[in-house]
Amino acid sequence: MNTMRAARLHAPRVLRVEEVPLPGPRPGEVLVRVERVGICGSDVHLYAGHRPAPYPLILGHEAMGRIAAVGDGVTGDLVGRRVVVEPNIPCTHCSLCRRGQGTVCPNKRVLGVNVDGVFAEFAAVPASHAWVASETIPDQDLVLAEPLAVAVHALATSGLVPGDRALVLGCGAIGLLLTHLLSAARISVTALDLDTRRVEKARALGAAEAMPMSQEVGEAVAARMRDTGEPATLFECSGAVAGTAWCIRSAPRGGRVVLLGLTAEDVPFSPLRLVREGVALVSSLIYDHPRDFRRTLNLIEGGLRAGHLVEHEFPLEEVGAGLEAALGAQFAKAVIRVT
């Protein structure tokens, strides 16, 4: 066999499942037979043309499957092992990588974004980025390891400890996973979102308080934070200008805003207030290799379960329908079934 099926994007909203050459693992790589792939907001933005793409591009980056073959220098006993793919691959040799900032490596390869991804029957990835996982983990929990790692990194960035309080604004997949993770870490969470269905999902995932966002709710929560100083840490997960501005404006004295949402437009704020009141703005992008993926798998193997976020499953041939449904925000999380 020298070809495989893959979903390739040729232009905005022009996606075709077609036969493409089978990638061979190069030295240091493994060939993964893909089983499940999560649909991510990044996939949706690329599909819709909101982000540039090197066409044609195989989309997808949240994959789990089994190792089918190994390249030179990789031990053969990995063949057949169950793995989850870490799709962000820093170069390891630039100045940023050398000082531990691989998350912002300018030479980083990102599967399904600037190189071919995993909406395909097979994918070749560095052996260091194919994490062996227990056979006992349900597929729907394992396929969420990559977005869960984003939440794990955000929690580490925040410095929160058990007994603290936090606010999560925006209950998409990352916001919901973060809510679940914080709650499991015994951190009390207030979750806000415009969508009442997402609010209910946040409550089910452990939020101590979950409310539909409105002007009145926003003002009341901001006033409470000003009066009590709690919660002092706000996670901005909406990716909206209004949400980002609200978090910066509402953070209490001595508080911290952790930015996860990818707001593309300028956000107005007053540096004077931030400096005088000691409010910190902190960014949290993806995760550190290898620490955060290792932590994430340890949490999943220890019993942290997030697979109930998955509400729909599409076969590979219907990946376009899945992306269209994601554009309409019809589910919390969906998965592409490849094999």
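The following conversation goes through a predicted model of a protein, from its overall form to individual residues.

User: What secondary structure does the protein have, and how many helices and strands are there?

Analyst: The predicted model contains 11 helices and 18 strands.

User: What radius of gyration does it have, and what would a compact globule have?

Analyst: The radius of gyration is 20 Å, which agrees with the value near 20 Å for a compact globule of 339 residues. The C-alpha trace spans about 65 × 40 × 35 Å along the principal axes.

User: And how much of the protein is buried?

Analyst: Buried residues account for 51% of the 339 residues. The accessible surface comes to about 14600 Å², and carbon and sulfur atoms hold 52% of that area.

User: What share of the contacts comes from residues far along the chain, 24 or more positions apart?

Analyst: Among contacts with a separation of 6 or more, 66% are between residues 24 or more positions apart.

User: Switching to charges: how many are there, and how far apart are their mean positions?

Analyst: There are 34 positive and 36 negative charges, and their mean positions are 4 Å apart.

User: Now the sheet with β1. What is its strand order?

Analyst: That sheet is open, has three strands in the order β2-β1-β4, and its pairing is antiparallel. The edge strands are β2 (14-21) and β4 (57-58), each of which pairs on one side only.

User: How many bridges join β1 to β4?

Analyst: Two bridges join β1, residues 3-11, to β4. Arg8 has Ile58 of β4 as its bridge partner.

User: What about the loop between β1 and β2; which residue there has a positive phi?

Analyst: Arg13 lies in that loop, and its phi is near 65 degrees, a positive value in a residue other than glycine. Arg13 counts as partly exposed because its relative accessibility is 48%.

User: Where is Ala329, and what is its phi?

Analyst: Ala329 is in the loop between α11 and β18. Its phi is near 50 degrees, again positive in a residue other than glycine. With a relative accessibility of 43%, Ala329 counts as partly exposed.

User: Back to helices. Why is α1 described as largely enclosed?

Analyst: Six of the eight residues of α1 (residues 41-48) are buried, so the helix is largely enclosed by the rest of the structure. The buried residues are Ser42, Asp43, Val44, Leu46, Tyr47 and Ala48.

User: Which elements do those buried residues pack against?

Analyst: They pack against β1, β2, β3 (29-38) and α11 (319-327).

User: And what follows α1?

Analyst: Gly49 follows α1, with a positive phi near 85 degrees.

User: Which peptide bonds are cis?

Analyst: The bond from Tyr55 to Pro56 is cis, with omega near -10 degrees. Pro56 is in the loop between α1 and β4. The bond from Glu230 to Pro231 is also cis, with omega near -10 degrees. Pro231 lies in the loop between α7 (215-228) and β14 (233-236).

User: One last residue: is Val335 buried or exposed?

Analyst: Val335 counts as buried, because its relative accessibility is 1%, below the 20% cut-off. Val335 is in strand β18, residues 333-337.

User: Which residues does Val335 contact, apart from its sequence neighbours?

Analyst: Leaving aside neighbours within four places in sequence, Val335 is in contact with Arg36, Val37, Gly38, Val143, Val310, His312, Glu313 and Phe314.

User: How far is Val335 from Glu317?

Analyst: Their C-alpha atoms are separated by 13 Å, and the two residues are 18 residues apart along the chain.

Definitions and conventions. Residues are numbered from 1 along each chain as its sequence is written. This is a predicted model: local features need pLDDT of at least 70, side-chain atom pairs count only at pLDDT 80 or more; totals for chains, interfaces and linings use all residues. Side-chain values use heavy atoms; hydrogens and water are left out. Helices (H or I, at least four residues) and strands (E, at least two) are DSSP runs, numbered from the N terminus. The radius of gyration is taken over C-alpha atoms; the globule rule is 2.2 Å times the number of residues to the power 0.38. Buried means under 20% relative accessible area, exposed over 50%, partly exposed in between (1.4 Å probe, protein chains only). Contact means heavy atoms within 4.5 Å. Accessible areas come from the Shrake-Rupley method with a 1.4 Å probe; for residues, only the protein chains shown count as cover. Lys and Arg count as positive and Asp and Glu as negative; His and the chain ends are not counted. The place of a charge is taken as NZ of Lys, CZ of Arg, CG of Asp or CD of Glu. Two strands pair if DSSP finds at least two bridges between them.
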